[in-house]
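Visitor: I am new to reading protein structures, and I would like to learn how to look at one feature at a time. Could you take me through this one?

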Amino acid sequence: MRAVDIIMNKRNGKELSRDELEFLIRGYVEGRIPDYQVSAWAMAVYFQGMTPRETGALTEIMLHSGKTIDLSGIEGPFVDKHSTGGVGDKTSLILAPLVASLGIKDPMMSGRALGHTGGTLDKLEAIPGYRTNLSVEEFRRILATTGFAMTGQTSEIVPADRLLYALRDVTATVESIPLITASILSKKVAEGAEALVFDVKFGSGAFMKDFSQAEQLARSLVETGKAMGKPIIALLTDMNEPLGTMVGNFLEVEESLDCLEGKGPADLMEVTLELAARMVLLAGKAPDASTARQLCEKALASGKPRELFLKNVEAQGGKPEELLRLRGTYRSPHWKEVRAPRSGYITHIDAYDIGRAGVLLGVGRNTTSDPVSPTAGIQFHHRRGDKVQNGELVMTVWGKDQGSLEEALPLLEGALHIEDALPAPRNLVAKEICAS
Ligand code: URA
């Protein structure tokens, strides 16, 4: 077999066999096939696409390019949720203890903030002492005792994706639905989840801005999962506005605690409960989504998810008392306000602009090695649909330093749209995709 023939076959629109894909991906990981040939193949895939069979084969080959997490000896069911990334999206911090309180284990391997989107690991690390670099043994122990464990991906998991993703990033081949599917799914399956819920976001603050593109990705994830014997449900959720009232690392931990205490904002609770309900459904703990949602609401009201969250904080090295003590006060000393420039209804607060301002403030990062600030962020006092008076406080903004505030302020002011008429209501959870 020769790499050049595989590239040519794909370029000419042929379906590649599992053997051809294995030859290419293995050869790449083992250093026998150079970057330039894999780049050419990725570009051919970008233009020609892949059949469901090819996408499934690629996902499995990538999955087996490294180690997988062995959860044997721990009682399941193991169900995880993955989001394609958003602004103010802290649903993982709420739903992991929530489903854990219903007897579901969530082995969660998350990412860091990158570009305008936030990262679960950065949020959790804003809790003083909280560790997200768990060894596999620690991950297993914490999962078994608190029902969920939160860690970063180890370098041994899906090494093919680390290489391929870095290559796609610099060859304009990230935006390929089959390549995204194989990348996301191989990592999620390697973590040991038996079933998965995907939050595929669309809108200005999402990775896939366009609804139909997001829908295609959701279908591809669900169908590829089915071919691999993994039950998957995907929800398409609106990411045009930031989710909740807080954007920032410690701020989002605080808002998650509010949600666990039954005081969360309606939009964040809606998305979280809909996702959690699908996890409960896939775990076989309820006959349908609406019963599953009722179970989630009841569990939340019992206070057990909050207890499990604090138990997990302790198990991962944080101090629950310290977290509760810092609540409401752990903020950067550099702050400013954004006030309404006119009276009217807030019709839109653009999630992408808020995410980009977050990077400047120190909430997120441009490159993987940039540091983030735990105490930077944005609090929204008013949001879409609210009536405001000229000069009324809309956002409080904390920056890592004074300069970052000066830079971010024009973006934040530009993100805020006020008009005379009340905006139409949004459909936050716009569609559900299940296997056919
Ligand atoms: N996120 C991933 O993990 N992989 C992709 O290819 C795109 C987004």
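Guide: Let us begin at the ligand, keeping in mind that this is a predicted model. The side chain of Lys187 has an N or O atom 2.5 Å from an oxygen atom of the ligand.

Visitor: Which other side chains place a polar atom at a short listed distance from the ligand, Arg168 and Ser183 being the names I would like explained?

Guide: In the side chain of Arg168, an N or O atom is 2.9 Å from an oxygen atom of the ligand. For Ser183, the partner is a nitrogen atom of the ligand, which lies 2.6 Å from a polar side-chain atom of that residue. A pair of N or O atoms counts as a polar contact when the two are within 3.5 Å.

Visitor: Which residues surround the ligand?

Guide: Around the ligand you find Tyr165, Arg168, Ile180, Ser183, Ile184, Lys187 and Phe207.

Visitor: How should I read the backbone, and what is usual there?

Guide: In general, most peptide bonds are trans, and most residues other than glycine have a negative phi. Here, the peptide bond that leads from Gly76 to Pro77 is cis, with an omega near -5 degrees, and Pro77 sits in the loop between helix 4 (52-63) and strand 1 (79-83). Val158, although not a glycine, has a positive phi of about 45 degrees, and its place is the loop that lies between strand 3 (148-152) and helix 8 (159-169).

Visitor: At what angle do helix 5 and helix 12 pack, and how far apart are their axes?

Guide: When two helices pack, one can ask about the angle, the handedness and the residues that touch. Helix 5 (residues 91-100) and helix 12 (residues 266-282) pack at about 40 degrees, and their axes are 10 Å apart. The two helices are therefore oblique to each other, and their crossing is right-handed. Helix 5 contributes Thr91, Ile94, Leu95, Leu98 and Val99 to the contact, while the residues from helix 12 include Leu268, Val271 and Met279. By kind, the residues of this contact are eleven nonpolar, two polar and no charged.

Visitor: How do helix 1 and helix 2 pack?

Guide: Helix 1 (residues 3-11) packs with helix 2 (residues 18-29) at an angle of about 125 degrees, the axes being 10 Å apart. That angle makes helix 1 oblique to helix 2, and the crossing is left-handed. Ala3, Ile6 and Asn9 of helix 1 meet Glu20, Phe23 and Leu24 of helix 2, a contact whose residues divide into four nonpolar, one polar and one charged.

Note on methods
Residues are numbered from 1 along each chain as its sequence is written. This is a predicted model: local features need pLDDT of at least 70, side-chain atom pairs count only at pLDDT 80 or more; totals for chains, interfaces and linings use all residues. Side-chain values use heavy atoms; hydrogens and water are left out. Axes are lines fitted to C-alpha atoms, for helices over the stretch in contact, and angles run from 0 to 180 degrees between N-to-C directions. Helices (H or I, at least four residues) and strands (E, at least two) are DSSP runs, numbered from the N terminus. Angles under 35 degrees count as roughly parallel, over 145 as roughly antiparallel, 65 to 115 as roughly perpendicular and the rest as oblique. A crossing is left-handed if the near helix is turned anticlockwise from the far one by less than a right angle, and right-handed if clockwise. Contact means heavy atoms within 4.5 Å. Ala, Val, Leu, Ile, Met, Phe, Trp, Tyr, Cys and Pro count as nonpolar, Asp, Glu, Lys and Arg as charged, and the others, Gly among them, as polar. A residue is near a molecule or strand if one of its heavy atoms lies within 4 Å of it. A polar contact is a pair of N or O atoms within 3.5 Å; within protein, one must be able to donate a hydrogen and the other to accept it, and residues adjacent in sequence count only if both atoms are side-chain atoms.
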